[in-house]
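Welcome! Here are some short exercises to help you find your way around a new structure. Try each task yourself before reading its solution.

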Amino acid sequence: MAMGDTPITVIGNLTSDPELKFTQGGAALAKFTVASTPRTFDRESGQYKDGTAMFMRCSAWRGLAEHVTESLTKGSRVIVSGRLRQFDWQTDQGENRSMLALEVDDIGPSLKFATATTTKATSSGGNGSGSNGAGDPWSTGSKPAGDEPPF
């Protein structure tokens, strides 16, 4: 995270399935919206009351984008961490507009009301490990050199 970024964590539900697109350069981009509604207990009525819902537009890039679209669906309760970004533009009528969006650094299912099973994603990217786990001392396919842990 760069200096001056505004970090934020949002907990809520996906309003639709994440949408996966690819840039002209081939980078994966997932776009989705998280709805987060505050809930408070009203002692007078003895019931919970919902506050005003916030809808946060989110974007995830590259491998994270692909993992999001493969793992999460509409209605999934998620915990999203990232940086707020402001986007400014001008409409065809000359009106200035702006919006805030969340550039996702990490996302996962909330386990408050659900369970999840994870599977380590394989990579053929630039970290030197292939899909067989070679180069990854924590994978079940190889052991670290010597008896010492790899850290």
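**Exercise 1: A surface patch**

Met-99 sits in strand E8, which covers residues 96-109. The model you are looking at is predicted.

*Task.* Decide whether Met-99 is buried or partly exposed, and find which residues form a nonpolar patch with Met-99.

*Solution.* Start with the relative accessible area of Met-99, which is 33%. Buried means under 20% and exposed means over 50%, with partly exposed in between, so Met-99 counts as partly exposed. Next, look for its partners: Phe-87 and Trp-89 join Met-99 in a nonpolar patch on the surface. Together the three have about 290 Å² of accessible area.

**Exercise 2: The surroundings of Leu-29**

*Task.* Locate Leu-29 in its strand and work out which residues it contacts beyond its neighbours within four places in sequence.

*Solution.* First, find strand E3, residues 28-36, which holds Leu-29. Then check its cover: with a relative accessible area of 13%, under the 20% cut-off, Leu-29 is buried. Setting aside neighbours within four places in sequence, Leu-29 touches Glu-19, Leu-20, Lys-21, Ser-59, Ala-60, Trp-61 and Ala-65. Finally, compare sequence with space: Thr-69 is 40 residues from Leu-29 in sequence, and their C-alpha atoms are 9.7 Å apart.

**Exercise 3: The largest pocket**

*Task.* Find which residues lie nearest the centre of the largest pocket and which element gives the most to its lining.

*Solution.* Begin with the volume of the largest pocket, about 500 Å³. Its lining has 21 residues, with His-67, Ser-71, Thr-117, Thr-118 and Thr-119 nearest the centre. Helix H1 (62-71) and E8 are the elements that give two or more residues to this lining. H1 gives the most, with five residues.

Note on methods. Residues numbered from 1 in each chain as written. Predicted model: local features only at pLDDT ≥ 70, side-chain atom pairs only at ≥ 80, totals over all residues. Heavy atoms only, no water. Patch = residues over 30% accessible without salt bridge, like charges linked within 9 Å, V, L, I, M, F, W, Y side chains within 5 Å. Areas by Shrake-Rupley, 256 points an atom, 1.4 Å probe, with all protein chains shown as cover. Salt bridge = Lys/Arg side-chain N within 4 Å of Asp/Glu carboxyl O. Helix = DSSP H or I, 4+ residues; strand = E, 2+ residues; numbered from the N terminus. Buried < 20%, exposed > 50% of the residue type's maximum accessible area, 1.4 Å probe, protein only. Contact = heavy atoms within 4.5 Å. 1 Å grid on protein atoms, 1.4 Å probe; cavity = no way out; pocket = protein on both sides within 12 Å on 5 of 7 lines; lining within 4 Å. Points joined across faces, edges and corners; volume = space filled by probe spheres on them.
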